[in-house]
Amino acid sequence: MNKLNAKMENVIKNKIFFIPSKLKDCYTFDCEQYFICKSPFNTSMFNIDWLKEIKLENVEQELAKIINIFKPLPFALWTGPNTIPHIPDQILYNLGFQKEANEVGMYFDLNNLKKSRYYSNSLSIIEVKNRNDMQKFISVLEEYDPFVREYYLNITNELDINSQPFHYFCLMINDEPACIASLFFYNNFCGIFDVLTKIKFQKNGYAFSLMQYLLAFAKNFGSSHVCLTASSVAAVSLYTKLGFKNLGNYECYEFNNA
C-alpha cells in the first residue's frame, strides 16, 4: 500500500509542475525539501509549494524563505502522506497560513473496471483539442476561480495540446459546457483533476457520468490505476460509489502575501 501511495503522490506532484515548467512566464524549482511553482497570476491555484521533507527545528526559517519567494502573490502550501515530518497546524497558523482543505487521496484499480458498467453513455463528451474547446473548459472553471483564463489560454498558445500527457474534457448539455475534468498520465498511472460542474447544472449526475467516461478512457489509454484527491464529503461519496478506495490524506494551506 505504501508503494501505491508513493506512486499516487508522484502523479499529483508531477501534474502540478508539468505545465508550469513548460510555460514561459512560470517558474519551477525542485530541491530536497520542496517543489516550487510560481506564476504571474494572483491566485494560489498556480502558485504552489509542495513540501517533501523539512526539519522541524528549521521550519519557521524555511517557510519564511518560501513566503518571500512568492511575495507579493498568494500561494498554496501542500503536504502529502509522504511529507516528513507532519508540521503542526499551530506553527503554520502563527506564520499566517490558513487551512484551505483536507483532501482524501483515493485510487481505482482499472483491472476491476467492468466495461458493461463503465462504458460511455449517450451524453455528449468532447476532448479539448483547440483554443475554442479550451474556451468551453475555462467557462466552467472560472466560475470557481476568476484568474484561470489567461493561464489556460497560454496552454493552447504555447504548447501542442495534442501531444501532452494532459487531456481535458467537457460534458456538453445543449451545446453548453456543463461539467469538466482533466486527466494527467504519468507512467502507468492516471490522475483525475478539475472535476467541476457549472453551478446551474449541479445535482443532475453529470460529474458521475463524466467520471464513468474518464475511467474507460484511462483504461483504454493503458493505465493500471487512476488516482485523485477529494475535498468534500460529497466528493468522497461520489468516488466511493464509482469504486474508488481511500489512500492517504493531503493538506492544503493558503498564504495571502498581500
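Start with the whole protein shown as a surface: its accessible area comes to about 12500 Å², and 48% of that belongs to carbon and sulfur atoms. Keep in mind as you go that this is a predicted model.

**The overall view**

Now switch to a cartoon. You will find 8 helices and 11 strands in the protein. Turn it along its principal axes, and the C-alpha atoms fill a box of roughly 55 × 40 × 35 Å. How does the radius of gyration agree with that of a compact globule? For 258 residues such a globule would have a value near 18 Å, and the protein has 18 Å, so the two agree.

Next, colour by burial. Of the 258 residues, 53% are buried. If you display contacts between residues at least 6 apart in sequence, 72% of them join residues at least 24 apart.

Then select the charged side chains. There are 25 positive and 26 negative ones, and the centres of these two sets lie 7 Å apart.

**Stop one: helix α6**

Select residues 149-158, which form helix α6. Which residues of α6 are buried? They are Tyr 151, Tyr 152, Leu 153, Asn 154, Ile 155 and Thr 156. Now add what lies over them: the cover includes α5 (131-141), β7 (166-173) and β9.

**Stop two: Lys 198**

Keep β9 in view and follow the chain onward. Lys 198 sits in the loop between β9 (189-197) and α7 (206-221). Is Lys 198 buried or exposed? Its relative accessibility is 10%, and because buried means under 20%, Lys 198 counts as buried.

To see what surrounds Lys 198, leave aside its neighbours within four places in sequence and select Ser 139, Val 140, Glu 143, Glu 176, Pro 177 and Ala 178, with which it is in contact. Zoom in on Pro 177: its backbone oxygen lies 3.4 Å from a polar atom of the Lys 198 side chain.

**Stop three: Glu 62**

For the last stop, go to helix α2, residues 59-70, and pick out Glu 62. This residue also carries a charge-type side chain of the negative set. At 12% relative accessibility, Glu 62 counts as buried.

Which residues is Glu 62 in contact with, leaving aside its neighbours within four places in sequence? Select Gln 33, Tyr 34 and Ile 54 to show these contacts beside α2.

Conventions
Residues are numbered from 1 along each chain as its sequence is written. This is a predicted model: local features need pLDDT of at least 70, side-chain atom pairs count only at pLDDT 80 or more; totals for chains, interfaces and linings use all residues. Side-chain values use heavy atoms; hydrogens and water are left out. Helices (H or I, at least four residues) and strands (E, at least two) are DSSP runs, numbered from the N terminus. Buried means under 20% relative accessible area, exposed over 50%, partly exposed in between (1.4 Å probe, protein chains only). A polar contact is a pair of N or O atoms within 3.5 Å; within protein, one must be able to donate a hydrogen and the other to accept it, and residues adjacent in sequence count only if both atoms are side-chain atoms. Contact means heavy atoms within 4.5 Å. The radius of gyration is taken over C-alpha atoms; the globule rule is 2.2 Å times the number of residues to the power 0.38. Accessible areas come from the Shrake-Rupley method with a 1.4 Å probe; for residues, only the protein chains shown count as cover. The place of a charge is taken as NZ of Lys, CZ of Arg, CG of Asp or CD of Glu.
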